[in-house]
Amino acid sequence: MKHVLGLFAFAALSCPNLHADTQANLQAAAQALVTQGATGTAWCVDDPVQGHFSVAAGLADTAAPARALQPADRFRIAGISKTFTAAAVFLLRDEGRLDLDQPIATYLPEFEIPGAPAITVRHLLTHTSGLADHSGDSDQIIRTLFARPDTVFTPEQVLAVVRPLPAHFAPGT
């Protein structure tokens, strides 16, 4: 199963007259991505002026029998969640509730994260913590998601995968 998620920036650039017929323009942009080789793409708009609607084009699953992508299909956002997490961290920093240079053990003592006393929040944000990658260094989570795509992992379940794995490097290096 292969999914390709289109970016809203592409839609905005591809549809200069969004106000004329936003949904039709986005549907055309989604179809253009598929025509250019994307397996499938789905977008959702929730705007007080344009309204709320979703569009989709292409395939959700290429295995026989192929299934067309539907606007309500779900995607794992994977690495995109880092952007939202970083934004939340900076809001907490701006409110004085979090210091980027404090060890993560200060904020997350209950999780027993390997190396936590030496790893700072800044290390996590800049990918210099040295921690093992729950999906890149172990196939356990990926295998589970392929078998049961609706699985939701708790932080403790992810850490159970990461704890036994060796660190890649010393924090901050």
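Which pattern does the protein chain follow when read along the sequence? In this predicted model, the order of elements is α-α-β-β-β-α-α-α-α. The secondary structure of the chain amounts to six helices and three strands.

**Overall figures**

The protein chain has 173 residues, of which 25% count as buried. Its exposed surface comes to about 11,000 Å², and carbon and sulfur atoms supply 60% of that area. Among contacts between residues at least 6 apart in sequence, 45% join residues at least 24 apart.

**The sheet and the helix across it**

The three strands form an open sheet in the order β1-β2-β3, with antiparallel pairing. β1 (40-47) and β3 (67-68) are the edge strands, and each of them pairs on one side only. β1 and β2 form a hairpin, with three residues between the two strands. Eight bridges join β1 to β2 (residues 51-61), and these strands run antiparallel. Within this pairing, T41 has A57 in β2 as its bridge partner, while A42 stands opposite A56 in β2. In a regular strand, side chains alternate between the two faces of the sheet.

Helix α2 lies across β1 and β2 and runs at about 20° to β2. Ahead of this helix, D21 is placed in the loop between α1 (8-14) and α2 (22-35). D21 is partly exposed, because its relative accessible area is 41%, a value between the 20% and 50% cut-offs. The C-alpha atoms of D21 and Q50 are separated by 9.0 Å, although the two residues are 29 residues apart along the chain.

**Nonpolar cores**

The largest nonpolar core consists of eleven residues: L26, A29, A30, L33, V34, A38, W43, V45, F53, V55 and A57. The elements that give two or more residues to this core are α2, β1 and β2, and the largest share, five residues, comes from α2. One of the core residues, A30, is in contact with T41, W43, V55 and A57, leaving aside its neighbours within four places in sequence. Of these contact partners, T41 and A57 are also bridge partners.

Apart from the largest core lies another, of ten residues, including V89, L98, I113 and I119.

**The two sides of α5**

Which residues of helix α5 are buried, and which are exposed? The table sets out the two groups.

| Group in α5 | Residues |
|---|---|
| Buried | I141, T144 and L145 |
| Exposed | R143, F146 and A147 |

The buried residues I141, T144 and L145 cover an arc of only 95° around the axis, so they are on the same side of α5. An α-helix has 3.6 residues a turn, so residues three or four places apart point the same way. The exposed residues R143, F146 and A147 are on the other side of α5. The cover over the buried residues of α5 includes α6 (155-162).

**Summary of the arrangement**

In this predicted model, α2 lies across β1 and β2, and α2, β1 and β2 are the elements that each give two or more residues to the largest nonpolar core. Another core of ten residues lies apart from that one. In α5 (residues 140-147), the buried residues include I141, and α6 is included in what covers them.

Terms used. Residues are numbered from 1 along each chain as its sequence is written. This is a predicted model: local features need pLDDT of at least 70, side-chain atom pairs count only at pLDDT 80 or more; totals for chains, interfaces and linings use all residues. Side-chain values use heavy atoms; hydrogens and water are left out. Helices (H or I, at least four residues) and strands (E, at least two) are DSSP runs, numbered from the N terminus. Buried means under 20% relative accessible area, exposed over 50%, partly exposed in between (1.4 Å probe, protein chains only). Two strands pair if DSSP finds at least two bridges between them. Contact means heavy atoms within 4.5 Å. Axes are lines fitted to C-alpha atoms, for helices over the stretch in contact, and angles run from 0 to 180 degrees between N-to-C directions. The arc is that of the directions from the helix axis to the C-beta atoms. A nonpolar core is a set of buried Ala, Val, Leu, Ile, Met, Phe, Trp, Tyr and Cys residues joined through side-chain atoms within 4.5 Å. Accessible areas come from the Shrake-Rupley method with a 1.4 Å probe; for residues, only the protein chains shown count as cover.
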